[in-house]
Amino acid sequence: MSMHYFANPTHFTRLAGRIQQWAGGLAAGLLIAGLYLALVVAPADYQQGETVRIMFVHVPSAWMALFCYSFLAVASAVALIWKHPLADMAAKASAPIGAGFTFLALVTGSLWGKPMWGTWWVWDARLTSVLILFFLYLGYMALWQAIEDSQKAAKAAAVLALVGAVNVPIIKFSVDWWNTLHQPASVLRMDGPAIHPSMLWPLLVMALAFKAYFVTLLLARMRMELNLRRIRALRLADRTS
Amino acid sequence: MFQGQGIACDRGERRIFSDLDFSIAPGGAMVLRGPNGSGKTSLLRIAATLLGAADGRLLWNGSEILADIEKHRTRLHFVGHQDAVKGALSVWENVAVWADIRGAGDRCVDAALAAFEISHLADTPAQYLSAGQHRRVALARLVASPAALWLLDEPTVSLDAEGTACLRRVIADHRAARGIVMAATHIDLGLDDVELLHLKLP
Amino acid sequence: MKPLISIIARDLRLAVRQGGATLLALVFFVLTVTLFPLGVGPEPAILARIAPGVLWVAALLAAMLSLDRLFQSDFEDGSLEQLVLSGLPVGGVVLAKIIAHWMTTGFPLLLAAPFLAVLLNMNGEGFTALMLTMLIGTPALSLIGAIGAALTLTVRRGGVLLSLLVLPLYIPVLIFGVSAIDAAVHGLNAKPHLLLLAALTVACLPLCPWAAAAAVKLSLD
């Protein structure tokens, strides 16, 4: 069965619908388990107290922020090189999800920062990089919005995604470089000593829950996009016949 | 010999035309006819490699054009809806710049201006020209640097009778030198021995 | 090579004939820098402290504002498709236009920067580094900006979008540029920062015209 079997919208929609149900169930189950582990089972930190529990949302969100951008870049490359129609859709569908996770990482980071650093925001290298990543997502989505012809928009957005992907490590490096030059003395580092297993487990379960949630949402958005295109095509056929 | 085989074109998720074949021999001319929206401009842009065809092959003397796009571009002139004339440059400069970029130098610029009867405007900044004079400047580029294939999209728009006559003479000379012309026009250019290609609405 | 020089010459001639538009980026640069003493106060020590950052941020914005001149007018009057059809590699055409753009925007900024540094009371040690970072860094601004300018060609009123696309990509140039001047001002070695900036520009040199060419071809499709 070749990839082109799934390029057929009907095959894809059927399969995606089935996977989406499973992934949705998995996400719900993992999220409940993860939240139980994170909020009830995991011990409070002896230094940070209960606020450490923000980490169980913050860290997986930050991972997903990067994961989604990588997914976006790979999907864009596939779309540009092999011109696979579903790749464009996957890239387009993943961007708002990634932006959402990035935003969540920023907000939870800020909430965590208040008790830890006594301020809502510090220009810490990681927070700054994530903020810039958020801008990259916004730019990508804005470009999709701005170009009316969806095929042109797809190609332009794919070029931008690849340019962004090349730049993400450079930006990250430059921000680290900048941060070491301007390191404020009072800032605690987020990665303290090696993480205790009682905290590692909830973190991993939450990370998996987020991944499953991503798959669910991605497939839902792709199916929606396919249906929208079908409606557009029908309207067009209606108008010209 | 310029050929297209089974050319198809998609615009905005819909197919404009498909399975289009054409063949133009050296010295030949093909005029595209059809209502608005039938894909005349799209076909010319595909022939100019500005637009990718959804299907089919383009051949020049039997060899695949897409295998060496840049080579194909050097042997064609494309005059589209826009004149690519800069108001800040004089008429002479406007023609010379393109001849220069295409590697022909400015040897033929004066002859090109003469062919379209705009020699007297040579030093006038193009911003003071009328629409028809603009068009003549754009068309003068055809003569200023040599190219075997001319792709003309509504070349007579805003030209007066004298301008159209200039164009007719220039095309005749081009064909006499075994050049090929593919043009979309609504009016009869008065060319001899023209092949018509009728495009229909999808 | 010669046709590429013809393109550069054409763009330069157009820029000279339309003189006012070319100088706007420079005027913007000067004006923005002038706003800072008015905003933060005339205290010489504070101005000296923020001078490198202010100069680079203003240069960044000035370069960005001038980007719409890079392809937009050629796109609108059909010159861009003629350039693509000239038979030259599109990446080469784009590079030629970027060079012309730098000569008419980046280079004037470079010339104006030391005078503005004097106005901001910047430490004398920093001037060489300032000129070097401007010389090495402003070409990267034109190169990276070309991608954004090409991607937004088909967008009506794409100015705001352009800034959203381009400014995040400018961040490394800003960081390495300012850190080099800061290092020099504080009597430290500016060389590692300058080398990183140079590496960035050198990496942009083949990659950006290629990506911008892909976007230009797309806009004509």
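**Exercise 1. Find the residue in β8(B) that stands opposite B:L32, then place this pair in its sheet.**

Step 1. In this predicted model, B:L32 has B:A184 of β8(B) opposite it.

Step 2. Now look at the two strands: β3 (residues 29-33) and β8 (residues 180-184) of chain B run parallel and are joined by four bridges.

Step 3. Widen the view to the open sheet, whose five strands follow the order β6-β7-β8-β3-β9 (chain B) with parallel pairing. As background, strands of a sheet pair through backbone hydrogen bonds, either parallel or antiparallel.

Step 4. Check the ends of that order. β6 (76-79) and β9 (194-198) of chain B are the edge strands, each with a single partner, so one side of each has no neighbour in the sheet.

Step 5. Add the twist: ignoring direction, neighbouring strands of this sheet are turned by 15° against each other on average.

Step 6. Finish with the helix that packs on the sheet. Helix α1 (residues 40-47) of chain B touches β3, β7 (149-153) and β8 of chain B, and its direction makes about 150° with that of β8(B).

**Exercise 2. Describe how the two domains of chain B meet.**

Step 1. Start with the bounds: domain 1 covers 1-75 + 148-202, and domain 2 covers 84-146.

Step 2. Taken over C-alpha atoms, the centres of these two domains of chain B are 23 Å apart.

Step 3. Count the contact residues: domain 1 of chain B supplies 11 and domain 2 of chain B supplies 10.

Step 4. On the domain 1 side, helix α6 (residues 161-176) of chain B gives the most, with five residues.

Step 5. Sort that side of domain 1 by class, and you get seven nonpolar, two polar and two charged residues.

**Exercise 3. Decide whether A:V41 is buried or exposed, and find its contacts.**

Step 1. A:V41 lies in helix α2 (residues 9-41) of chain A.

Step 2. A:V41 is exposed, because 12 other C-beta atoms lie within 10 Å and the cut-off for exposed is 12 or fewer.

Step 3. Leaving aside neighbours within four places in sequence, A:V41 is in contact with A:Y36 and A:P202.

Step 4. Although A:V41 and A:P202 are 161 residues apart along the chain, 8.6 Å separates their C-alpha atoms.

**Exercise 4. Characterise the side of chain C that touches chain A.**

Step 1. Here 20 residues of chain C are in contact with 22 residues of chain A.

Step 2. On the chain C side, α7 (127-151), α8 (159-185) and α9 (191-220) each give two or more residues.

Step 3. The largest share, 10 residues, comes from α8(C).

Step 4. By class, this side of chain C has 16 nonpolar, three polar and one charged residues.

Note on methods
Residues numbered from 1 in each chain as written. Chains lettered and ligands numbered in written order. Predicted model: local features only at pLDDT ≥ 70, side-chain atom pairs only at ≥ 80, totals over all residues. Domains from an automatic or database assignment. Contact = placed C-beta atoms within 7 Å. Nonpolar A, V, L, I, M, F, W, Y, C, P; charged D, E, K, R; others polar. Buried ≥ 20, exposed ≤ 12 C-beta atoms within 10 Å, placed from the backbone. Pairing = 2+ DSSP bridges. Axes fitted to C-alpha atoms, helices over the stretch in contact; angles between N-to-C directions.
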